[in-house]
Each structure stands twice: as C-alpha cells, then as structure tokens.
Amino acid sequence: MATSPFSEGSFPAAADHPVRILRWTFRRDEDAVVCELGLNNDDSAYELRINPPPSTAAATIEQFDDAVSAFQRHATIERMLVNEGWLLEGFESERASRRT
C-alpha cells in the first residue's frame, strides 16, 4: 500500500462521517508523485492534492465544485506525467475516518 503525506488527517471532518479518498501513485526511477482526490473539510468541494518528489516542488491543492471537473484535471495531470516518462504504479480507494 502506498503511503502519502495526505493520508493522515488531511481531509478532516466529523469522525462519524468517513470520506472516500482516491489515490494514484506514479513512479519514475526512485521518485514518486502521489495524487489524491477527496472532499474538503466541509464536503463543499473536491480537492485534488498533488505531492511531487520533495526535490522538485511543493505539494499543491486544487479545489473543484464538481467531481467531473476534478477528474478531468486529474486526467490532464496523468497524461502530462505519462508523457514525461512516469508510470502508474498503483491506485487505491480507501474510506478514511475524518478527525475533528
């Protein structure tokens, strides 16, 4: 199972309200890029979080009003990564408890 800095409490909310987090891990040589998609703190928008290798850039968070826009943006990022030689190493879908 891939690890991500966003896994631990990154999409907080009420503990009795779990959230589905989708996670894609891309790898090139020893580097990894982790993309996560989930709802924001108050379930009002979708957040796409991109965690690039530490040596390249800081993590980014983009918000979207609807799931279609969020998935379209993810598809654009995935195409860019694949065109640059990254391979999809894994996909996970997990139901995470949110913390207050």
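In this predicted model, a search of the whole structure finds 2 aromatic pairs. One of them joins Trp 24 and Phe 71, whose ring centres lie 6.4 Å apart with the planes at 85°, so the pair is edge-to-face. The cut-off behind that label is a plane angle over 60 degrees. Trp 24 belongs to strand S1 and Phe 71 to helix H1, so this pair ties together parts that are 47 residues apart in sequence. The two partners can also be described by their exposure. Trp 24 is buried, with a relative accessible area of 9%, while Phe 71, at 39%, counts as partly exposed.

The other pair also involves Trp 24: its ring and that of Phe 91 have centres 5.3 Å apart and planes at 50°, so the pair is tilted. Here the link runs between strand S1, which holds Trp 24, and strand S5, which holds Phe 91, and the two residues are 67 positions apart. Phe 91 has a relative accessibility of 46% and therefore counts as partly exposed. Taken together, the ring pairs make a cluster of Trp 24, Phe 71 and Phe 91.

The cluster draws on S1, S5 and H1, and these elements have their place in a wider arrangement. The protein contains 1 helix and 5 strands, and from the N terminus on they follow the order β-β-β-β-α-β. The strands form an open sheet with antiparallel pairing, in the order S4-S3-S2-S1-S5. Which strands stand at the edges of this sheet? They are S4 (60-64) and S5, each of which has a single partner strand, so one side of each is left without a neighbour in the sheet. From one strand to the next, the twist averages 15°. Helix H1, made of residues 67-83, packs on the sheet and touches S1, S2, S3, S4 and S5. The direction of H1 makes about 15° with that of S3.

Strand S1 covers residues 19-28 and is mostly covered, with 7 of its 10 residues buried. S1 pairs with S5 (residues 87-96) in the antiparallel sense over 9 bridges. One position in this pairing is Arg 20, whose bridge partner in S5 is Arg 95. S1 is also joined to S2 (residues 31-39), with which it runs antiparallel, by 7 bridges. There, Phe 26 stands opposite Val 33 of S2. S1 and S2 form a hairpin with 2 residues between them, and Asp 29 in the turn has a positive phi of about 55°.

A charged residue of S1 deserves a closer look. Is Arg 23 of strand S1 buried or exposed? Its relative accessibility is 1%, so Arg 23 counts as buried, the limit for that class being under 20%. A polar contact of 2.5 Å joins the side chain of Arg 23 to that of Glu 36.

On the other side of the strand order, S3 and S4 pair in the antiparallel sense over 5 bridges. Ile 50 lies in S3, which spans residues 46-51, and its bridge partner in S4 is Thr 60. With a relative accessibility of 11%, Ile 50 counts as buried because this value is under 20%. Ile 50 and Ile 77 are 27 residues apart along the chain, and their C-alpha atoms are separated by 9.2 Å.

Some totals describe the protein as a whole. Of its 100 residues, 36% count as buried. The accessible surface comes to about 5,900 Å², and carbon and sulfur atoms account for 52% of that area. Among contacts with a separation of 6 or more, 55% are between residues 24 or more positions apart. The aromatic pairs give examples of links between distant parts of the chain, such as Trp 24 in S1 with Phe 91 in S5.

Notes. Residues are numbered from 1 along each chain as its sequence is written. This is a predicted model: local features need pLDDT of at least 70, side-chain atom pairs count only at pLDDT 80 or more; totals for chains, interfaces and linings use all residues. Side-chain values use heavy atoms; hydrogens and water are left out. Helices (H or I, at least four residues) and strands (E, at least two) are DSSP runs, numbered from the N terminus. Buried means under 20% relative accessible area, exposed over 50%, partly exposed in between (1.4 Å probe, protein chains only). Two strands pair if DSSP finds at least two bridges between them. Axes are lines fitted to C-alpha atoms, for helices over the stretch in contact, and angles run from 0 to 180 degrees between N-to-C directions. Contact means heavy atoms within 4.5 Å. Accessible areas come from the Shrake-Rupley method with a 1.4 Å probe; for residues, only the protein chains shown count as cover. A polar contact is a pair of N or O atoms within 3.5 Å; within protein, one must be able to donate a hydrogen and the other to accept it, and residues adjacent in sequence count only if both atoms are side-chain atoms. Rings of Phe, Tyr and Trp (its six-membered ring) pair if their centres lie within 6.5 Å; planes under 30 degrees apart count as stacked, over 60 as edge-to-face and the rest as tilted.
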